[in-house]
Amino acid sequence: MRILVLNVNTTKSMTKSIGEEAAAAASPGTEIIPLTPLFGAESVEGNFESYLAAIAVMETVKRYDGPYDAVIQAGYGEHGREGLQEILTVPVVDITEAAASTAMFLGHRYSVVTTLDRTVPLIEDRLKLAGLTDHCASVRASGMSVLELESEPERAVEAILQQSLAAIEHDRAEVICLGCGGMAGLKEKVAERTGVPVVDGVAAAVKIAESLVSLGLSTSKIRTYAPPRPKFIKNWPPKIPLT
């Protein structure tokens, strides 16, 4: 089984860490192919960057010419999953929905701890669209930017931990979801210090993707995610030289 794991930003070191988290969660025989878009923002923390990332991720998948069995969109609260489901016949798993749905098996209420406060509405909207808000206690911001997760890992862990503890004490959360693909690798540290299950969306998405492929299931291709109607689309995909 081969799974493409799409970073939504252009920071290759983050693609590497996301790929490592995905590979650690994968079953024997599952190959993880981490991919970085050729264009877009170095980090995705708002609507403009998120919509740009959606186009970049679709372009990256369309450009990939090897075989694969599933695709993971490794951006928390990002746009574009629906577009991927239209253009692909293999399962598409978004890490936001993967983390939240997994958390609901582990406790009555979960909280998401993410990066900047401006990303909170995007995550809330994605959870609402997916029908996952009934058991969501809160979405909390750590105040750390996506790039600071890499540049200041110790401060990032402390900020995420403090918001996780607040979610448990004040919001009555029983499970914590790490609300950014760039938080890959922090699960054990937060779980050890909070005493509750902590779900990494990348790892959860890998197991869900593997299950869907093993069950022979994929996205329904009638109505909502039917293939795009045949028509002329100017300059798509964009002619960007491979590097």
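**Note on E150, salt bridges and nonpolar cores**

1. The backbone nitrogen of M14 lies 3.3 Å from a polar atom of the E150 side chain. This is a predicted model, and the points below should be read with that in mind. The side chain of E150 also makes a polar contact, at 2.8 Å, with the side chain of S13.

2. E150 is found in helix α6, which spans residues 146–151. Once its neighbours within four places in sequence are left aside, E150 is in contact with T11, S13, M14 and S17. For E150 and S17, the separation in sequence is 133 residues, while their C-alpha atoms are 9.6 Å apart in space. Is E150 buried, partly exposed or exposed? Its relative accessibility is 32%, so E150 counts as partly exposed.

3. On salt bridges, a search of the whole structure finds 12. Side chains of opposite charge can pair when their charged atoms come close. One of the salt bridges joins E20 and K16, with 2.6 Å between the closest N and O atoms. Both residues lie in helix α1 (residues 12–25), where they are four residues apart, or about one turn of the helix. Their accessibility values fall in separate classes: E20 has 45% relative accessibility and counts as partly exposed, whereas K16 has 53% and counts as exposed. The cut-off for exposed is over 50%, which is why K16 is placed in that class.

4. R126 takes part in a salt bridge with E82, at 2.9 Å from N to O. Because R126 lies in helix α5 (residues 120–129) and E82 in helix α3 (residues 81–87), the pair ties together parts that are 44 residues apart in sequence. R126 has a relative accessibility of 6% and therefore counts as buried. E82, at 22%, counts as partly exposed. Buried requires a value under 20%, so E82 falls outside that class.

5. The side chain of R126 also meets that of E97 in a salt bridge, at 3.3 Å from N to O. Here helix α5, which holds R126, is paired with helix α4 (residues 95–103), which holds E97, so parts that are 29 residues apart in sequence are tied together. Both R126 and E97 are buried. Which residues make up the network of salt bridges that includes R126? Its linked residues are R81, E82, E97 and R126.

6. Turning to the nonpolar residues, the largest nonpolar core has 54 residues. Those that touch the most other members are V5, I72, Y110, V112, L127, I160 and C177. Helix α9 gives the most to this core, contributing six residues.

7. I72 can be described through its contacts. With its neighbours within four places in sequence left aside, I72 is in contact with I3, L4, V5 and L6, with V93 and I95, and with A205, V206 and A209. A second core, separate from the largest one, has 16 residues, among them L6, I33, L35 and V57. L6 thus appears both as a contact of I72 and as a member of the second core.

8. At the surface, I55, I233 and W236 make a nonpolar patch of about 260 Å². Of these, I233 lies in the segment after α9 (201–214).

Key. Residues are numbered from 1 along each chain as its sequence is written. This is a predicted model: local features need pLDDT of at least 70, side-chain atom pairs count only at pLDDT 80 or more; totals for chains, interfaces and linings use all residues. Side-chain values use heavy atoms; hydrogens and water are left out. A salt bridge is a side-chain nitrogen of Lys or Arg within 4 Å of a carboxyl oxygen of Asp or Glu. Helices (H or I, at least four residues) and strands (E, at least two) are DSSP runs, numbered from the N terminus. Buried means under 20% relative accessible area, exposed over 50%, partly exposed in between (1.4 Å probe, protein chains only). Contact means heavy atoms within 4.5 Å. A polar contact is a pair of N or O atoms within 3.5 Å; within protein, one must be able to donate a hydrogen and the other to accept it, and residues adjacent in sequence count only if both atoms are side-chain atoms. Patches are made of residues with over 30% relative accessible area and no salt bridge: like charges are joined within 9 Å, nonpolar side chains (Val, Leu, Ile, Met, Phe, Trp, Tyr) within 5 Å. Accessible areas come from the Shrake-Rupley method with a 1.4 Å probe; for residues, only the protein chains shown count as cover. A nonpolar core is a set of buried Ala, Val, Leu, Ile, Met, Phe, Trp, Tyr and Cys residues joined through side-chain atoms within 4.5 Å.
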